[in-house]
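Let's walk through this model together, starting with its open spaces and then turning to one of its helices.

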Amino acid sequence: MSVVLDRTAFYPEAGGQMADRGLLGGYAVKDVQVDDAGVVHHVLELSEGKALPEVGAELAGQIDRARRRVHMALHTGQHMLSRALVDVAQANTISSRLGETLCTIDVDLEVLDEARVAEAEELVNSVIDDDVAIRSFFPTVEELAALPLRRAPKVTDNIRVVQIGEFDVSPCGGTHCTRSAQVGMIRVLGVERYKGKGRVSFSAGRRARTELWQEAGTLRGLSRAFTCGPGEVPVVIDKIRRDLTETREALGAVRAKLADQAAVELAAALEKSPERRVVAVLEGANPESLRAIAARLTSQPESVVLLAGRAPEGMPVLIARGSGSSFGCGAFLKRLAEAAGGRGGGRPEHAEGRLPPGTDFPGLVAQLLG
(Lines give C-alpha, C1' and ligand atoms only; values in the text may rest on other atoms or scores of the structure.)
Protein backbone atom coordinates (compact mmCIF):
# COMPACT_ATOMS: atom_id res chain seq x y z
CA MET A 1 0.00 0.00 0.00
CA SER A 2 1.27 3.49 -0.82
CA VAL A 3 0.60 7.08 0.15
CA VAL A 4 0.71 10.06 -2.21
CA LEU A 5 1.57 13.51 -0.82
CA ASP A 6 1.13 17.00 -2.26
CA ARG A 7 4.87 17.47 -1.66
CA THR A 8 7.65 15.31 -0.30
CA ALA A 9 11.31 15.29 0.67
CA PHE A 10 11.59 11.53 0.09
CA TYR A 11 13.62 10.72 -3.01
CA PRO A 12 12.06 7.98 -5.18
CA GLU A 13 14.14 5.33 -6.92
CA ALA A 14 15.13 6.98 -10.19
CA GLY A 15 18.08 7.74 -12.42
CA GLY A 16 20.05 4.79 -11.12
CA GLN A 17 19.80 6.01 -7.50
CA MET A 18 18.15 4.04 -4.70
CA ALA A 19 15.07 5.30 -2.89
CA ASP A 20 14.99 6.91 0.53
CA ARG A 21 13.72 5.14 3.64
CA GLY A 22 12.46 6.58 6.91
CA LEU A 23 9.24 7.41 8.74
CA LEU A 24 6.07 9.13 7.50
CA GLY A 25 3.41 9.97 10.04
CA GLY A 26 4.80 7.27 12.32
CA TYR A 27 4.70 4.65 9.56
CA ALA A 28 7.90 3.01 8.31
CA VAL A 29 8.61 3.88 4.67
CA LYS A 30 10.01 0.75 3.03
CA ASP A 31 10.14 2.05 -0.55
CA VAL A 32 9.52 5.17 -2.63
CA GLN A 33 8.65 4.87 -6.33
CA VAL A 34 7.54 7.27 -9.05
CA ASP A 35 5.02 6.18 -11.70
CA ASP A 36 4.88 7.08 -15.39
CA ALA A 37 2.76 10.13 -14.59
CA GLY A 38 5.40 11.47 -12.22
CA VAL A 39 3.41 10.69 -9.08
CA VAL A 40 5.58 9.70 -6.11
CA HIS A 41 4.30 6.72 -4.12
CA HIS A 42 5.46 6.17 -0.53
CA VAL A 43 5.18 2.44 0.20
CA LEU A 44 4.44 2.05 3.91
CA GLU A 45 5.00 -0.91 6.19
CA LEU A 46 1.70 -1.51 7.96
CA SER A 47 1.40 -3.58 11.10
CA GLU A 48 -1.61 -5.90 11.38
CA GLY A 49 -4.84 -4.00 11.95
CA LYS A 50 -3.31 -0.60 11.21
CA ALA A 51 -4.91 1.42 8.40
CA LEU A 52 -3.41 3.91 5.98
CA PRO A 53 -3.59 7.62 6.90
CA GLU A 54 -6.81 9.45 6.04
CA VAL A 55 -7.01 11.45 2.82
CA GLY A 56 -6.13 15.07 3.60
CA ALA A 57 -4.11 14.23 6.70
CA GLU A 58 -0.93 16.17 7.34
CA LEU A 59 2.02 13.84 7.86
CA ALA A 60 5.46 14.59 9.28
CA GLY A 61 8.31 12.82 7.54
CA GLN A 62 11.73 11.77 8.76
CA ILE A 63 14.25 10.55 6.22
CA ASP A 64 16.78 7.90 7.19
CA ARG A 65 19.72 10.29 7.33
CA ALA A 66 22.47 7.64 7.32
CA ARG A 67 21.04 5.99 4.19
CA ARG A 68 20.54 9.32 2.41
CA ARG A 69 24.08 10.37 3.35
CA VAL A 70 25.49 7.20 1.75
CA HIS A 71 23.45 7.86 -1.38
CA MET A 72 24.69 11.46 -1.57
CA ALA A 73 28.33 10.34 -1.46
CA LEU A 74 27.78 7.55 -3.98
CA HIS A 75 25.88 9.76 -6.42
CA THR A 76 28.32 12.65 -6.19
CA GLY A 77 31.20 10.20 -6.48
CA GLN A 78 29.62 8.74 -9.62
CA HIS A 79 29.44 12.20 -11.23
CA MET A 80 33.10 12.81 -10.42
CA LEU A 81 34.30 9.41 -11.61
CA SER A 82 32.30 9.76 -14.85
CA ARG A 83 33.97 13.14 -15.41
CA ALA A 84 37.43 11.74 -14.68
CA LEU A 85 36.91 8.79 -17.05
CA VAL A 86 36.17 11.29 -19.83
CA ASP A 87 39.22 13.41 -19.05
CA VAL A 88 41.68 10.54 -18.55
CA ALA A 89 40.38 7.68 -20.73
CA GLN A 90 38.01 9.43 -23.19
CA ALA A 91 35.31 7.08 -21.89
CA ASN A 92 31.81 8.56 -21.80
CA THR A 93 29.25 7.20 -19.35
CA ILE A 94 26.24 5.60 -21.04
CA SER A 95 24.58 4.37 -17.84
CA SER A 96 25.19 4.07 -14.12
CA ARG A 97 23.61 2.18 -11.26
CA LEU A 98 23.90 2.74 -7.52
CA GLY A 99 22.94 -0.51 -5.83
CA GLU A 100 22.59 -1.66 -2.24
CA THR A 101 25.91 -3.49 -2.43
CA LEU A 102 27.52 -2.53 -5.76
CA CYS A 103 27.73 0.60 -7.89
CA THR A 104 28.64 0.53 -11.57
CA ILE A 105 29.39 2.86 -14.46
CA ASP A 106 29.09 1.59 -18.04
CA VAL A 107 31.05 3.49 -20.68
CA ASP A 108 31.11 3.63 -24.47
CA LEU A 109 34.46 1.86 -24.85
CA GLU A 110 34.70 -1.89 -25.38
CA VAL A 111 37.97 -2.11 -23.47
CA LEU A 112 39.01 0.01 -20.50
CA ASP A 113 42.69 0.31 -19.61
CA GLU A 114 42.95 -0.42 -15.88
CA ALA A 115 45.91 1.94 -15.55
CA ARG A 116 43.77 4.76 -16.99
CA VAL A 117 40.94 3.93 -14.62
CA ALA A 118 43.41 4.08 -11.72
CA GLU A 119 44.47 7.55 -12.93
CA ALA A 120 40.82 8.60 -13.01
CA GLU A 121 40.37 7.32 -9.46
CA GLU A 122 43.37 9.34 -8.30
CA LEU A 123 42.06 12.45 -10.06
CA VAL A 124 38.68 12.17 -8.32
CA ASN A 125 40.28 11.74 -4.91
CA SER A 126 42.43 14.82 -5.50
CA VAL A 127 39.28 16.86 -6.20
CA ILE A 128 37.71 15.38 -3.05
CA ASP A 129 40.78 16.50 -1.07
CA ASP A 130 40.44 20.02 -2.51
CA ASP A 131 36.98 20.28 -0.90
CA VAL A 132 35.42 22.25 -3.76
CA ALA A 133 31.88 23.60 -3.49
CA ILE A 134 29.02 21.69 -5.11
CA ARG A 135 26.09 23.74 -6.39
CA SER A 136 22.64 22.49 -7.46
CA PHE A 137 20.54 24.99 -9.38
CA PHE A 138 17.91 25.52 -12.09
CA PRO A 139 19.49 27.66 -14.85
CA THR A 140 17.59 29.74 -17.35
CA VAL A 141 17.51 28.57 -20.95
CA GLU A 142 20.29 31.05 -21.79
CA GLU A 143 22.42 29.97 -18.80
CA LEU A 144 21.91 26.30 -19.65
CA ALA A 145 23.09 26.84 -23.22
CA ALA A 146 26.33 28.38 -21.95
CA LEU A 147 27.17 25.60 -19.47
CA PRO A 148 29.82 22.94 -20.36
CA LEU A 149 27.50 20.00 -19.65
CA ARG A 150 29.12 16.57 -19.58
CA ARG A 151 25.92 15.07 -21.03
CA ALA A 152 22.66 16.33 -22.45
CA PRO A 153 19.59 16.68 -20.18
CA LYS A 154 17.03 13.86 -20.20
CA VAL A 155 14.13 16.31 -19.68
CA THR A 156 13.18 19.55 -21.37
CA ASP A 157 11.60 21.49 -18.46
CA ASN A 158 12.82 22.38 -14.96
CA ILE A 159 16.32 21.17 -15.73
CA ARG A 160 18.38 20.90 -12.56
CA VAL A 161 22.15 21.12 -12.86
CA VAL A 162 24.78 19.91 -10.41
CA GLN A 163 28.12 21.72 -10.62
CA ILE A 164 31.17 20.35 -8.78
CA GLY A 165 33.56 23.28 -8.64
CA GLU A 166 35.14 23.74 -12.05
CA PHE A 167 35.47 19.96 -12.43
CA ASP A 168 32.07 18.73 -13.64
CA VAL A 169 28.73 20.17 -14.70
CA SER A 170 25.88 17.74 -15.28
CA PRO A 171 22.06 17.82 -15.40
CA CYS A 172 20.73 15.64 -12.56
CA GLY A 173 17.75 15.43 -10.21
CA GLY A 174 19.40 13.18 -7.62
CA THR A 175 20.74 13.82 -4.14
CA HIS A 176 24.28 15.17 -3.80
CA CYS A 177 26.80 16.45 -1.29
CA THR A 178 27.34 20.21 -0.87
CA ARG A 179 31.15 19.96 -0.89
CA SER A 180 33.46 17.43 -2.50
CA ALA A 181 35.16 16.49 0.80
CA GLN A 182 31.81 15.08 1.99
CA VAL A 183 32.27 12.28 -0.58
CA GLY A 184 35.13 11.10 1.63
CA MET A 185 36.81 8.96 -0.98
CA ILE A 186 36.18 7.13 -4.23
CA ARG A 187 37.39 3.58 -4.65
CA VAL A 188 37.41 1.56 -7.88
CA LEU A 189 36.60 -2.08 -7.15
CA GLY A 190 36.98 -3.58 -10.58
CA VAL A 191 37.10 -3.10 -14.35
CA GLU A 192 35.44 -5.57 -16.73
CA ARG A 193 33.78 -5.98 -20.10
CA TYR A 194 29.99 -6.15 -19.82
CA LYS A 195 27.61 -6.62 -22.74
CA GLY A 196 30.22 -5.41 -25.18
CA LYS A 197 31.10 -2.28 -23.21
CA GLY A 198 33.46 -1.33 -20.41
CA ARG A 199 32.15 -1.43 -16.84
CA VAL A 200 33.71 0.11 -13.73
CA SER A 201 32.57 -1.01 -10.28
CA PHE A 202 33.17 1.50 -7.52
CA SER A 203 32.35 2.58 -4.00
CA ALA A 204 32.47 5.86 -2.10
CA GLY A 205 32.01 7.50 1.27
CA ARG A 206 31.04 5.49 4.31
CA ARG A 207 30.44 2.36 2.25
CA ALA A 208 33.99 2.48 0.87
CA ARG A 209 35.43 3.03 4.35
CA THR A 210 33.44 0.11 5.77
CA GLU A 211 34.65 -2.16 2.98
CA LEU A 212 38.25 -1.09 3.57
CA TRP A 213 37.95 -1.68 7.33
CA GLN A 214 36.54 -5.16 6.71
CA GLU A 215 39.32 -6.01 4.28
CA ALA A 216 41.93 -4.59 6.66
CA GLY A 217 40.48 -6.74 9.45
CA THR A 218 40.74 -9.81 7.24
CA LEU A 219 44.33 -8.93 6.39
CA ARG A 220 45.23 -8.45 10.05
CA GLY A 221 43.60 -11.79 10.87
CA LEU A 222 45.70 -13.51 8.20
CA SER A 223 48.87 -11.84 9.45
CA ARG A 224 48.18 -13.11 12.96
CA ALA A 225 47.48 -16.61 11.66
CA PHE A 226 50.70 -16.59 9.63
CA THR A 227 52.67 -14.81 12.43
CA CYS A 228 53.88 -12.13 10.07
CA GLY A 229 53.24 -8.47 9.34
CA PRO A 230 50.24 -7.47 7.17
CA GLY A 231 52.57 -6.46 4.35
CA GLU A 232 54.21 -9.88 4.37
CA VAL A 233 50.96 -11.83 3.90
CA PRO A 234 51.28 -12.04 0.07
CA VAL A 235 54.83 -13.43 0.40
CA VAL A 236 53.70 -16.04 2.93
CA ILE A 237 50.72 -17.05 0.78
CA ASP A 238 52.98 -17.38 -2.27
CA LYS A 239 55.27 -19.69 -0.30
CA ILE A 240 52.30 -21.76 0.89
CA ARG A 241 51.13 -22.09 -2.73
CA ARG A 242 54.57 -23.31 -3.84
CA ASP A 243 54.71 -25.78 -0.94
CA LEU A 244 51.21 -26.98 -1.76
CA THR A 245 52.12 -27.50 -5.41
CA GLU A 246 55.17 -29.52 -4.42
CA THR A 247 53.12 -31.57 -1.95
CA ARG A 248 50.46 -32.27 -4.56
CA GLU A 249 53.09 -33.39 -7.03
CA ALA A 250 54.65 -35.69 -4.44
CA LEU A 251 51.22 -37.03 -3.48
CA GLY A 252 50.43 -37.59 -7.14
CA ALA A 253 53.63 -39.59 -7.57
CA VAL A 254 52.78 -41.74 -4.52
CA ARG A 255 49.25 -42.28 -5.76
CA ALA A 256 50.58 -43.27 -9.17
CA LYS A 257 52.82 -45.91 -7.57
CA LEU A 258 49.95 -47.21 -5.44
CA ALA A 259 47.72 -47.29 -8.50
CA ASP A 260 50.33 -49.26 -10.41
CA GLN A 261 50.63 -51.73 -7.56
CA ALA A 262 46.86 -52.05 -7.21
CA ALA A 263 46.51 -52.51 -10.96
CA VAL A 264 49.04 -55.36 -10.94
CA GLU A 265 47.24 -57.12 -8.07
CA LEU A 266 43.80 -56.61 -9.62
CA ALA A 267 45.03 -57.73 -13.03
CA ALA A 268 46.11 -61.01 -11.44
CA ALA A 269 42.69 -61.37 -9.83
CA LEU A 270 41.03 -60.58 -13.14
CA GLU A 271 43.01 -63.36 -14.85
CA LYS A 272 41.70 -65.87 -12.30
CA SER A 273 38.06 -64.74 -12.55
CA PRO A 274 35.84 -67.01 -14.68
CA GLU A 275 33.50 -64.05 -15.36
CA ARG A 276 36.46 -61.80 -16.25
CA ARG A 277 35.20 -59.49 -13.52
CA VAL A 278 36.94 -57.77 -10.61
CA VAL A 279 35.32 -55.97 -7.66
CA ALA A 280 37.51 -54.00 -5.25
CA VAL A 281 37.51 -51.21 -2.65
CA LEU A 282 40.73 -49.17 -2.54
CA GLU A 283 41.49 -47.14 0.58
CA GLY A 284 41.89 -43.43 -0.11
CA ALA A 285 41.53 -43.78 -3.88
CA ASN A 286 40.08 -40.74 -5.63
CA PRO A 287 38.30 -40.72 -9.01
CA GLU A 288 41.57 -40.01 -10.86
CA SER A 289 43.23 -43.05 -9.27
CA LEU A 290 40.24 -45.24 -10.10
CA ARG A 291 40.36 -44.10 -13.74
CA ALA A 292 44.08 -44.86 -14.02
CA ILE A 293 43.62 -48.36 -12.62
CA ALA A 294 40.52 -49.06 -14.72
CA ALA A 295 42.34 -47.95 -17.90
CA ARG A 296 44.97 -50.66 -17.36
CA LEU A 297 42.47 -53.38 -16.49
CA THR A 298 40.02 -52.71 -19.32
CA SER A 299 42.80 -53.21 -21.86
CA GLN A 300 41.67 -56.83 -21.58
CA PRO A 301 38.69 -56.98 -24.01
CA GLU A 302 36.32 -59.14 -21.93
CA SER A 303 37.00 -57.44 -18.58
CA VAL A 304 34.43 -55.78 -16.31
CA VAL A 305 35.89 -53.58 -13.56
CA LEU A 306 33.87 -52.40 -10.54
CA LEU A 307 35.98 -50.17 -8.30
CA ALA A 308 35.33 -47.95 -5.30
CA GLY A 309 37.48 -45.71 -3.13
CA ARG A 310 36.98 -45.18 0.58
CA ALA A 311 37.06 -41.68 2.09
CA PRO A 312 35.28 -39.89 4.99
CA GLU A 313 33.16 -37.82 2.62
CA GLY A 314 31.94 -40.79 0.59
CA MET A 315 32.92 -43.53 -1.81
CA PRO A 316 33.82 -42.61 -5.40
CA VAL A 317 32.72 -45.42 -7.71
CA LEU A 318 33.84 -46.35 -11.20
CA ILE A 319 32.49 -49.13 -13.42
CA ALA A 320 34.08 -49.83 -16.79
CA ARG A 321 34.32 -52.62 -19.35
CA GLY A 322 36.70 -53.80 -22.02
CA SER A 323 35.98 -53.46 -25.72
CA GLY A 324 34.73 -57.03 -26.02
CA SER A 325 32.27 -56.93 -23.11
CA SER A 326 28.54 -56.15 -23.33
CA PHE A 327 28.11 -55.29 -19.62
CA GLY A 328 25.90 -52.18 -19.14
CA CYS A 329 28.02 -50.01 -16.84
CA GLY A 330 25.73 -46.96 -16.71
CA ALA A 331 22.58 -48.98 -16.07
CA PHE A 332 24.26 -51.06 -13.36
CA LEU A 333 25.65 -48.01 -11.56
CA LYS A 334 22.21 -46.44 -11.61
CA ARG A 335 20.79 -49.51 -9.85
CA LEU A 336 23.71 -49.50 -7.44
CA ALA A 337 23.22 -45.80 -6.56
CA GLU A 338 19.47 -46.25 -6.03
CA ALA A 339 20.05 -49.23 -3.73
CA ALA A 340 22.71 -47.43 -1.64
CA GLY A 341 21.21 -43.94 -1.63
CA GLY A 342 24.01 -42.48 -3.76
CA ARG A 343 24.24 -40.93 -7.19
CA GLY A 344 25.85 -41.72 -10.50
CA GLY A 345 25.42 -42.78 -14.08
CA GLY A 346 27.15 -42.87 -17.40
CA ARG A 347 27.52 -44.69 -20.67
CA PRO A 348 27.26 -48.45 -21.28
CA GLU A 349 31.05 -48.70 -21.44
CA HIS A 350 31.94 -46.34 -18.55
CA ALA A 351 30.11 -44.90 -15.52
CA GLU A 352 31.06 -42.98 -12.37
CA GLY A 353 29.29 -41.92 -9.20
CA ARG A 354 29.48 -41.63 -5.42
CA LEU A 355 28.00 -43.77 -2.65
CA PRO A 356 27.53 -42.91 1.05
CA PRO A 357 30.44 -43.62 3.44
CA GLY A 358 30.39 -47.09 4.90
CA THR A 359 28.54 -48.70 1.98
CA ASP A 360 29.26 -52.43 1.66
CA PHE A 361 30.31 -52.08 -1.95
CA PRO A 362 31.36 -55.71 -2.65
CA GLY A 363 28.27 -57.06 -0.90
CA LEU A 364 25.90 -54.75 -2.73
CA VAL A 365 27.52 -55.53 -6.09
CA ALA A 366 27.22 -59.27 -5.41
CA GLN A 367 23.57 -58.86 -4.42
CA LEU A 368 22.67 -56.92 -7.58
CA LEU A 369 24.57 -59.27 -9.85
CA GLY A 370 22.70 -62.16 -8.29
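Helices (H or I, at least four residues) and strands (E, at least two) are DSSP runs, numbered from the N terminus. This is a predicted model, in which local features need pLDDT of at least 70, side-chain atom pairs count only at pLDDT 80 or more, and totals for chains, interfaces and linings use all residues. Residues are numbered from 1 along each chain as its sequence is written, and side-chain values use heavy atoms, with hydrogens and water left out.

A pocket here is an open set of points on a 1 Å grid over the protein atoms alone, where a 1.4 Å probe fits, with protein on both sides within 12 Å along at least five of seven lines; lining residues have an atom within 4 Å of a point. The second largest pocket has a volume of about 410 Å³. It is lined by 21 residues, and the closest to its centre are Leu5, Asp6, Arg7, Ala57 and Leu59. Both β1 (2-3) and β5 (61-63) supply at least two lining residues, with β5 giving the most, 3 residues.

The largest pocket holds about 750 Å³ of space. Gly15, Arg151, Lys154, Cys172 and Gly173 are the closest to its centre among its 26 lining residues.

Now look at helix α6 (residues 287-297), where Ser289, Leu290, Ile293, Ala294 and Leu297 are buried (under 20% relative accessible area, against over 50% for exposed and partly exposed in between; 1.4 Å probe, protein chains only). Because these residues cover an arc of only 130° around the axis, they sit on the same side of α6; the arc is that of the directions from the helix axis to the C-beta atoms. The face turned away from that buried side carries the exposed Glu288 and Ala295.

Key: Points joined across faces, edges and corners; volume = space filled by probe spheres on them.
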